[in-house]
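Q: Please take a close look at one part of this protein: its nonpolar interior. Start there, then work outward to the pieces around it.

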Amino acid sequence: MARIKKQFVCQSCGSVYPRWLGQCEGCGEWNSIIEDVATENVPGGLGARSGVKKGRIVSLHALNGEETPPPRLLSGIAEFDRVCGGGLVAGSAILIGGDPGIGKSTILLQAVARLSSSGTKCVYISGEEAIAQVRMRAQRLGLAESPVMLGAETSLRDILSTLEDAAPQIAVIDSIQTMFADTLDSAPGTVGQVRSCAQELIRFAKKKNICVLIVGHVTKDGQIAGPRVLEHMVDTVLYFEGERGHQFRILRAVKNRFGGTDEIGVFEMGDSGLREVHNPSALFLSNRNKDVSGSAVFAGMEGSRPVLVEIQALVAPSSLATPRRAVVGWDSGRLAMILAVLDARCGLGLGGLDIYLNVAGGLRISEPAADLAVVAALVSSLTGEPLPAETIFFGEVSLSGEVRPVSQAESRIKEASKLGFQAAIMPDNTKLRFDGTKISAVSHVQDLVDLISPEPVIQV
Ligand code: TYD
Ligand code: MG
């Protein structure tokens, strides 16, 4: 058989070398060169070369065909099940990422306890806590009676044998950073270990048709060896977010091969574990003071669900050469853009002022639709005038200062009117008609500034 020609390719810049090098001469990157098979310009490619073994012919299918949807295992925790796309799917791998201490172990213990109580066979393997610790937690959560099979182990080989023997329908691995495969020399938690352990577990899940839930800590510094290296391998990626100081926790689906993404589940951390929050909008707005300036209510969408949150802004004279900009729960780059638009298109002169922006309740907003609410909060703080009562804001702001329509305006307004809001300031969308909600359409940020400020804002 003819030898296949080998070459060495830099993974960073794509330079090709006939032999291995420690440093790429093209881009200067270290350890980025790996072995590859050379593709030559022969008609027919690899298979056409004389003596090279041909591949098997794979059967091809039509897109249209009868497929039954996969059966789902329901935990009974509605917020959790919805984020998973309507329950857990057998033969799938789910990654749950989040900061240490945010509540990943708690939610998973609660989920498997509920599942096992309803007859699903569940194994919970902890590499971080001893059996006694997990038991104590279960007692605190009032789940000690549920028939979850508990294990404390970090050797992947032993875990796989145990799972093969116990044959559960659901297995939790807490956490992937503590697991090690003895086929590799590197320490647990390194990229190689994390990746190879996850690969083994995913392969096992597919082979035995069980659902594997893998916990992965997000590390603050660059997220090396964290869940990021696993995202492409698993079927579903859930992130558990929230501010430590707040009791709210948000479970967010960022990837789901068996359901929609961007779904969120909202929980409240209490003395007896995580409690579901069925109406997050009411909760996020519960502490709102309606008569202060700089507070705007944004009607956002999280997946299929509308969520109302309060956006707070504080604009204050600065004593620093470079004014301070602090943002919690929103993108600071986006704030810089909004400030530039307000300066350039409305002449508000915010450049020399300290600006603080906060999304109340610990929610992180990534929707551009929040732009208009941010503008309203900033202008209100600047003028010192509270915004019109019971009014929601949403709309995307472009660099030219125009206000662009956003999706699902109808759901946003419906949710707001359910909570007693009577007016909406939103992009021009003449198609929508609503009874009981006063709609003020704005097509430019200047329209909004004129609408909410009692007298013309002094232009600097
Ligand atoms: P944990 O689930 O251990 O976090 P992770 O697995 O993501 O690292 O959550 C630990 C935190 O949750 C800890 O700070 C204590 C708090 N907690 C409560 O407030 N109430 C409870 O009932 C439980 C079990 C934990
Ligand atoms: Mg934990």
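A: The answer starts with the ground rules, then goes to the core, the helix contacts and a few single residues.

This is a predicted model: local features need pLDDT of at least 70, side-chain atom pairs count only at pLDDT 80 or more, and totals for chains, interfaces and linings use all residues. Residues are numbered from 1 along each chain as its sequence is written, chains are lettered from A and ligands numbered from 1 in the order in which they are written, and side-chain values use heavy atoms, with hydrogens and water left out.

First, the setting. The protein has 460 residues, and 48% of them count as buried. Buried means under 20% relative accessible area, exposed means over 50%, and partly exposed is in between (1.4 Å probe, protein chains only). The C-alpha atoms fill a box of roughly 85 × 65 × 55 Å along the principal axes. Ten helices and 23 strands make up the secondary structure listed here. Helices (H or I, at least four residues) and strands (E, at least two) are DSSP runs, numbered from the N terminus.

The domain assignment gives domain 1 (2-44), domain 2 (72-278) and domain 3 (283-452). Such bounds come from an automatic or database assignment. The centres of domain 1 and domain 3 lie 51 Å apart, taken over C-alpha atoms.

Now the core itself. A nonpolar core is a set of buried Ala, Val, Leu, Ile, Met, Phe, Trp, Tyr and Cys residues joined through side-chain atoms within 4.5 Å. The largest one holds 62 residues, and L378 and I392 have the most contacts inside it. Helix α8 (residues 371-383) supplies the largest share, eight residues. Domain 2 and domain 3 both contribute to this core, so it lies between them. In soluble globular proteins, nonpolar side chains tend to be buried together.

Zoom in on L378. Setting aside residues up to four places away in sequence, L378 touches A313, V315, L335, I338, L339, L342 and I355. Contact here means heavy atoms within 4.5 Å. A second, separate core has 34 residues, including I77, F80, L115 and A138.

I77 also turns up beside Q110. That glutamine sits in helix α2 (residues 104-117). Its relative accessibility is 11%, so Q110 counts as buried. Beyond four places in sequence, Q110 is in contact with I77, L141, L143, S272, G273 and L274.

Back to L335, I338, L339 and L342, four of the residues that L378 touches. Helix α7 spans residues 332-346, and its axis comes within 10 Å of that of helix α10 (residues 445-452), crossing at roughly 85°. Axes are lines fitted to C-alpha atoms, for helices over the stretch in contact, with angles from 0 to 180 degrees between N-to-C directions. The two helices are therefore roughly perpendicular. Angles of 65 to 115 degrees earn that label; under 35 is roughly parallel, over 145 roughly antiparallel, and the rest oblique. From α7 come V341, R345 and C346; from α10 come V445, Q446 and V449. By class, that is four nonpolar residues, one polar and one charged. Ala, Val, Leu, Ile, Met, Phe, Trp, Tyr, Cys and Pro count as nonpolar, Asp, Glu, Lys and Arg as charged, and the others, Gly among them, as polar.

Another helix pair follows. Helix α4 (residues 156-166) and helix α5 (residues 191-208) have axes that come within 11 Å and cross at roughly 10°. They are therefore roughly parallel. On the α4 side are L156, L160, L163 and E164; on the α5 side are C197, E200, L201, F204 and K208. This contact has six nonpolar, no polar and three charged residues.

Backbone geometry around α5 is worth a look. Most residues other than glycine have a negative phi, and most peptide bonds are trans. D174 and S175 are joined by a cis peptide bond, with omega about -5°. S175 lies in the loop between β9 (170-174) and α5. N209, not a glycine, has a positive phi of about 60°. N209 lies in the loop between α5 and β10 (211-217). Its relative accessibility is 48%, so N209 counts as partly exposed.

Finally, H246. This histidine is in the loop between β11 (236-241) and β12 (248-256). At 31% relative accessibility, H246 counts as partly exposed. Leaving aside neighbours within four places in sequence, H246 is in contact with G361 and G362.
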